[in-house]
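Open your viewer, get your selection tool ready, and follow along stop by stop. The route goes from a whole chain to single helices, then to single residues, and ends with the empty spaces.

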Amino acid sequence: MQPFTTLTAVAAPLLRANVDTDAIIPSREMKTVGKTGLADGLFAGWRYTAIGGREPNPQFVLNQGAFAGARILLSGDNFGCGSSREHAVWALHEYGFRAVVAPSYSPIFYGNCIRNGIVPVRLAADSIASIASWVQLDPRQHLVTVDLMQCRVQAGSAFDFKFDIEPEPRLMLLEGLDGIDLTLKSRPLIEAFLERDRRGRPWIYLDAKP
Amino acid sequence: MRKTLFEKLWELHLVRDLGGGIGLLAIDRIFLHERTGSVALKSLAASGRTVLDPHRVFCTMDHIVDTLPGRGDDTRMPGGKAFITETRAAALQAGIRLFDVRDPQQGIVHVVSPELGIVLPGATVVCPDSHTCTQGAMGALAWGIGSTEAEHALATGTLRVNRPKTMRVSFEGRLAPGVTAKDLSLLLLSTHGAVGGNGYAVEYAGAAVRALEIEARLTLCNMATEFSAMTGMIAADQRTFEYLEGREYAPHGAAWDAALAQWQSLHSDSGATFDREIQFDVTTLPPMVTWGTSPQHAVPVTGRVPDQASSGATPEAYERALQYMDVTPGTAMQDLSIGAAFIGSCTNSRISDLRRAAAVLKGRRVAPHVRAIVVPGSMTVKRAAEAEGLHEVFLAAGFEWRESGCSMCFYAGGESFGARQRVVSSTNRNFESRQGPETRTHIASPETVAASAIAGRLADARSIAA
């Protein structure tokens, strides 16, 4: 996983509450058993004029020239709600997004971001609305900075917001760590737990089942 | 120290406190399905890692598999067959129990797991599926994860979990006849919003919850994810133990007695404190139905499309939902004509759901313009329903009677209800285009779906079944 320290980029506002993972990547766009080939299907239902089609809907923010190459997405409450599909994060990542800024996230989507190098920034809705208004004035010049070292979102000299992120997710993103590798460092503890637990709760372990 | 059920389950599985609110938790059961589990198994194999304990990993074909009679590996979903064949190959290689397309125990993961006693009180259960919280109804700590986390759980038998806060939602009083667990979920969502549970593990309690049968408890916990909670759970009690005893993967004999002794201690202690408490008296609660495009957009079936001020939605979301659903404020819900009715999904597809819907349908016909489909949650449910003759009631009423699976709960490029079709559905999500391009979904209980199918418009089952 690519480490994330700080990013200054075009930010695209999609200020809706409850943007669900069906909207981020419709199920019909998940065509193969894999993590790639998903960027084209990102926001397909909103981005194209017809279901299954590829004619851009000019109303949709990502189809507007000023937001081309956006790498930061500004959105509303409960972002990534709905289906657990990690394809939503893979699609955002493949498209080029490296940070989402929203007031809250579905817990599963939030975890999926951490494991794929996308920073899920939590900011108050009115702060996001202020940033979005400022960005809209001149999206290509009014770039937004997500600084994971300092845990700040900066928008020119106009805005500078601190955000909270739990220490471990922050470290995983900063260093691009793989969760399995990290956990395997605790292997002796896991083995000791299993040995103890097998005596305490033998019914959990099914290998002895006839 | 008085503890909540969640705290007990957390401590029981804590391998290591990783600091900063993160715990390394032992995972007792992993369930996979062909939609998101396949990629976890494939990715694990590609990394050269193996499944730590295949005996505690299960996989089912439910999301992509067709539900039409005579089905095989071919599906109506473009590219769907690859998900089935690749999942089968990966499951075989990993040596895990697979409920394959033609397996007599095949079904929806959250239906199969309880009915076979795979989920147990006090167990941690994960699945790359958001509705894994359903299984918390058995007194388990069960939650949905992504595919990468599934890979982590498969390889290490653990997960690094951000400890949530605790919330207790108490439903006091007694549900009126014809009002169900589904209506409790919609009440909670409409009152506290689709983000109300964010950051919490929710325990459902109160007299109305204790009175619910196990299958209804599964329905209630199912929609904890729609509340944005990590999970929902209900302490196991005598009903839970009676439900589980004798099921295939549940402990037997002396192991059962030992398990039971432990399970009986797994409840929130009297006086335990929660970070948040919510209470309802549900004695006068009517059946609920959604009017918009979020599960929080719910009103009594006897009510009307709300105005913005009372909708709980932001002005922008409210306008968007009205437009998408083609409804106007003040319209009586029962004046909305429907074109389709669907009974199924991990929310409401168990034998008790089918019995209640059939009781409404018996001796009646669905309206001529309504396409009606019922999909049992598992092949076990299907056989049980057929043994009772429920399928004949559904067929006589004009419903299609299907093989088990997730079916038309979501649209994956195959079957759908058609553009701008209005559907009443016993499922869990009324998102834009969830059940088909521009399909307008109204979520409700199975009895409300059945009554609406007969009426050809949204209807109150209590006025039909009398």
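Select chain A and switch on a contact map if you have one. Among the contacts in chain A with a separation of 6 or more, 65% join residues that are 24 or more positions apart. Please keep in mind that this is a predicted model. Colour chain A by secondary structure and you will find eight helices and eight strands. Reduced to its C-alpha trace, chain A spans about 65 × 40 × 25 Å along its principal axes. Now colour by accessibility: chain A has 210 residues, and 59% of them count as buried.

**Stop 1: helix 8 of chain A**

Select residues 187-200 of chain A, which form helix 8. From the first C-alpha to the last, the 14 residues of this helix reach 20 Å, close to the 20 Å expected at 1.5 Å a residue. Show side chains next. Which residues of helix 8 of chain A are buried? They are A:Ile190, A:Phe193, A:Leu194 and A:Asp197. Turn the view until you look down the axis of helix 8: the buried residues fall within an arc of 100°, so they line one face of the helix. Rotate to the other side of helix 8 and you meet A:Pro188, A:Glu195 and A:Arg199, which are exposed.

What covers the buried residues of helix 8 of chain A? From chain A, the cover includes helix 7 (179-184). Chain B takes part as well, so select these elements there, since each belongs to the cover of the buried residues:

- helix 1 (5-13) and helix 5 (147-156) of chain B
- strand 1 (14-19), strand 2 (22-26) and strand 8 (158-162) of chain B

**Stop 2: helix 13 of chain B**

Move to residues 351-361 of chain B, helix 13. This helix is mostly covered, with eight of its 11 residues buried. To highlight the buried set, pick B:Ile351, B:Ser352, B:Asp353, B:Leu354, B:Ala357, B:Ala358, B:Val360 and B:Leu361. Then step on to B:Gly363, which follows helix 13 and has a positive phi, near 75°.

**Stop 3: two buried residues of chain B**

Centre on B:Ile30, in strand 3 (residues 29-33) of chain B. Is B:Ile30 buried or exposed? Buried means under 20% relative accessible area, and B:Ile30 counts as buried because its relative accessibility is 5%. Leaving aside residues up to four places away in sequence, B:Ile30 touches B:Arg56, B:Val57, B:Phe58, B:Val126, B:Ala153 and B:Leu154. For a distance to draw, take B:Ile30 and B:Thr75: they are 45 residues apart along the chain, and their C-alpha atoms are separated by 26 Å.

Next, centre on B:Phe417, in the loop between strand 17 (399-401) and strand 18 (422-425) of chain B. B:Phe417 is buried too, with a relative accessible area of 6%. Its contacts, again not counting residues up to four places away in sequence, are B:Ala340, B:Phe342, B:Ile373, B:Met408, B:Val423, B:Gln435 and B:Thr439. Draw the C-alpha to C-alpha line from B:Phe417 to B:Ala341 as well: 76 residues apart in sequence, they are 9.4 Å apart in space.

**Stop 4: an open pocket**

Select A:Pro107, A:Tyr110, A:Arg122, A:Glu166 and B:Asn162, the residues nearest the centre of the second largest pocket. This pocket has a volume of about 690 Å³, and its lining numbers 28 residues. Elements that give two or more residues to the lining are helix 4 (107-114) and helix 6 (167-175) of chain A, together with strand 7 (141-144) and strand 8 of chain B. Helix 4 of chain A gives the most, with five residues. By class, the lining holds 14 nonpolar, six polar and eight charged residues.

**Stop 5: closed cavities**

How many cavities of 30 Å³ or more are there? The count is five. Here are two of them.

| Cavity | Volume | Lining | Nearest the centre |
|---|---|---|---|
| Largest | about 230 Å³ | 24 residues: seven nonpolar, 11 polar, six charged | B:His63, B:Asp129, B:His131, B:Phe410, B:Arg434 |
| Second largest | about 170 Å³ | 15 residues: seven nonpolar, five polar, three charged | B:His63, B:Ile64, B:Asp66, B:Ser407, B:Glu415 |

For a last selection, pick B:His63, which is listed nearest the centre for both the largest cavity and the second largest cavity.

Technical notes
Residues are numbered from 1 along each chain as its sequence is written. Chains are lettered from A and ligands numbered from 1 in the order in which they are written. This is a predicted model: local features need pLDDT of at least 70, side-chain atom pairs count only at pLDDT 80 or more; totals for chains, interfaces and linings use all residues. Side-chain values use heavy atoms; hydrogens and water are left out. Helices (H or I, at least four residues) and strands (E, at least two) are DSSP runs, numbered from the N terminus. The expected span of a helix is 1.5 Å times one less than its number of residues. Buried means under 20% relative accessible area, exposed over 50%, partly exposed in between (1.4 Å probe, protein chains only). The arc is that of the directions from the helix axis to the C-beta atoms. Contact means heavy atoms within 4.5 Å. On a 1 Å grid over the protein atoms alone, a cavity is a set of points where a 1.4 Å probe fits but cannot get out, and a pocket is an open set with protein on both sides within 12 Å along at least five of seven lines; lining residues have an atom within 4 Å of a point. Grid points are joined across faces, edges and corners, and a volume is the space filled by probe spheres set on the points. Ala, Val, Leu, Ile, Met, Phe, Trp, Tyr, Cys and Pro count as nonpolar, Asp, Glu, Lys and Arg as charged, and the others, Gly among them, as polar.
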